[in-house]
Amino acid sequence: MTRPTPHPRSAYPYHHAMPTRWADNDVYGHVNNVTYYAYFDTAVNAYLAACGALDVQAGAVIGLVVETGCTFFAPAAFPEMLSVGVRVAHLGRSSVRYELAVFRAGEETACAQGHFVHVYVDRGTRRPVELPQVLRAALEPLCR
């Protein structure tokens with residue numbers, strides 16, 4: 001398996017500002033690997049909420065993460081301002097594959113990049129449902 005190369009900022013149509021927090025650092029002095037997944041989740045859900053495509057409290061449809069992965073290229077640490085790039089690699093009937101990258105301030109290539117797949121389900125039954133039109137409309141501009 002060949003190691004991916006870091007993507008440029010321009011590969012991502014949406015960027016979410018993400019300050020590091022004191023608690024993000026681990027004993028090695030850099031942002032802990034699991035924290036990047038929280039950055040990814042925050043960036044996607046902030047975008048969807050801003051587009052009116054996510055109602056965390058009462059929405060009938062919710063996204064469940066069924067797959068995720070991340071490749072690390074360079075460390076980030078507190079205190080730094082990061083940017084999380086978001087794009088959609090696949091927009092299916094009931095699922096979305098998001099691709100994400102974390103950029104340090106002033107840097108044009110990703111220090112980490114990854115993906116996750118949301119399967120959208122009925123909040124009550126947890127069974128897959130077709131993507132609502134408002135969600136599809138919000139995601140189409142992010143398709144690469």
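Start by selecting F40: this residue is buried, with a relative accessible area of 0%. Keep in mind as you click around that this is a predicted model.

Now add Y37 to the selection. Y37 is partly exposed, at 31% relative accessible area. The ring centres of Y37 and F40 sit 6.1 Å apart with their planes at 80°, so you're looking at an edge-to-face pair. Both belong to helix α1, and because they are three residues apart there, about one helical turn separates them.

Stay on α1, which covers residues 33–50, and pick Y36 and Y39. Here too the spacing is three residues, so the two are separated by about one helical turn. Both Y36 and Y39 are buried. Their ring centres are 5.7 Å apart and the planes meet at 70°, so this pair is edge-to-face. Add F72 as well: Y36, Y39 and F72 make up one aromatic cluster. If you want to go hunting for others, the structure holds seven aromatic pairs.

Next, show the strands. Five of them form an open sheet in the order β1-β3-β4-β5-β2, with antiparallel pairing. Which strands stand at the edges? They are β1 (14–19) and β2, each with a single partner strand, so one side of each has no neighbour in the sheet. Look along the sheet and you'll find neighbouring strands turned by 25° against each other on average, direction ignored.

Bring α1 back into view. The helix packs on this sheet and touches β1, β2, β3, β4 and β5. Its direction makes about 55° with that of β5.

Now colour β5, residues 112–122. Of its 11 residues, 10 are buried, so the strand is largely enclosed by the rest of the structure. Check its two partners in turn:

- β2 (residues 61–72) runs antiparallel to β5, joined by 11 bridges. Select V61 and you'll find its bridge partner in β5, D122.
- β4 (residues 95–104) is also antiparallel to β5, with eight bridges between them. Try A101, which stands opposite Q113 in β5.

From β4, step across to β3, residues 81–91. These two strands pair in the antiparallel sense over nine bridges. For a landmark, select V84, which stands opposite V102 in β4.

One last stop: show R87 and Y12 as sticks. R87 lies over the face of Y12, at 4.6 Å from the ring centre.

Methods: Residues numbered from 1 in each chain as written. Predicted model: local features only at pLDDT ≥ 70, side-chain atom pairs only at ≥ 80, totals over all residues. Heavy atoms only, no water. Phe/Tyr/Trp six-rings, centres within 6.5 Å; stacked < 30°, edge-to-face > 60°. Helix = DSSP H or I, 4+ residues; strand = E, 2+ residues; numbered from the N terminus. Buried < 20%, exposed > 50% of the residue type's maximum accessible area, 1.4 Å probe, protein only. Lys NZ or Arg CZ within 6 Å of the ring centre and 35° of its normal. Pairing = 2+ DSSP bridges. Axes fitted to C-alpha atoms, helices over the stretch in contact; angles between N-to-C directions. Contact = heavy atoms within 4.5 Å.
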